[in-house]
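Okay, thanks everyone. I'll show you the model first, then talk through how it is put together.

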Amino acid sequence: MLPAISDSQKIGIGLTGFGMAFLFLGVVMFFDKGLLAMGNILFLAGLAFVIGVERTFRFFFQWHKLRASGCFFAGILLVLLGWPVIGICVEFYGFFVLFSGFFPVVINFVRRIPVIGNVLNLPGIRIVVNRLSESSSMV
């Protein structure tokens, strides 16, 4: 049986989803800084709602994750200051290093989804997906 999701966690999931959508649209619309800034703010607010403010703070400011957190927040700051292309690149690097420990879990979950799992098993994609799912370094 799945654990119950509180109302604030439901709000957080919605905020995180809208944040990811705004980030995607900001990149598709040639790095529109308004959409990217809204996406960043919504993503961080959603994360705080889902896992709580204290746990969010502890996640980002662990000693071994300070460099990745610094890149992530520097990228957000660069986007807010009006340098969206450089900011999103720096932010993506920080995001990748911060959340790389979760990639094996996410990939193994996505492999079980009927259509997407078949796409991930295509010859060219399988090599990259296997490499991502085997790397379990908690940076």
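Before anything else, one bit of vocabulary: a helix crossing is called left-handed if the near helix is turned anticlockwise from the far one by less than a right angle, and right-handed if it is turned clockwise. Hold on to that, we'll use it in a minute.

So, what you have up there is a predicted model. How many helices and strands does the protein chain have? Eight helices and zero strands. If you read the elements from the N terminus, you just get α-α-α-α-α-α-α-α. The C-alpha atoms fill a box of roughly 40 × 35 × 30 Å along the principal axes.

Some overall numbers. The chain has 139 residues, and 29% of them count as buried. Its accessible surface comes to about 9300 Å², and carbon and sulfur atoms own 75% of that. And if you take the contacts with a separation of 6 or more, 54% are between residues 24 or more positions apart.

Now to the helix pair I wanted to show you. Helix H2 covers residues 33-51 and helix H5 covers residues 84-98, and they pack at an angle of about 25°, with their axes 11 Å apart. Angles under 35 degrees count as roughly parallel, so H2 is roughly parallel to H5. And here's where the vocabulary comes in: the crossing of H2 and H5 is left-handed.

Which residues meet there? On the H2 side, look for Lys33, Leu36, Asn40 and Phe43. Across from them, in H5, you'll find Pro84, Ile88, Glu91 and Phe95. By type, the residues of this contact split into five nonpolar, one polar and two charged.

Last stop, the loop before H2. Helix H1 is 7-28, and Phe30 lies in the loop between H1 and H2. Phe31 is in the loop between H1 and H2 too. What's odd about the backbone of Phe30? Phe30 has a positive phi, about 60°, although it is not a glycine. Phe31 also has a positive phi without being a glycine, with a value near 55°.

And the side of things you might care about at the bench: are they buried or exposed? Phe30 is exposed, with a relative accessible area of 76%. Phe31 comes in at 26% relative accessibility, so Phe31 counts as partly exposed.

That's my tour. Happy to rotate the model if anyone wants another look.

Key. Residues numbered from 1 in each chain as written. Predicted model: local features only at pLDDT ≥ 70, side-chain atom pairs only at ≥ 80, totals over all residues. Heavy atoms only, no water. Axes fitted to C-alpha atoms, helices over the stretch in contact; angles between N-to-C directions. Helix = DSSP H or I, 4+ residues; strand = E, 2+ residues; numbered from the N terminus. Parallel < 35°, antiparallel > 145°, perpendicular 65-115°, else oblique. Contact = heavy atoms within 4.5 Å. Nonpolar A, V, L, I, M, F, W, Y, C, P; charged D, E, K, R; others polar. Buried < 20%, exposed > 50% of the residue type's maximum accessible area, 1.4 Å probe, protein only. Areas by Shrake-Rupley, 256 points an atom, 1.4 Å probe, with all protein chains shown as cover.
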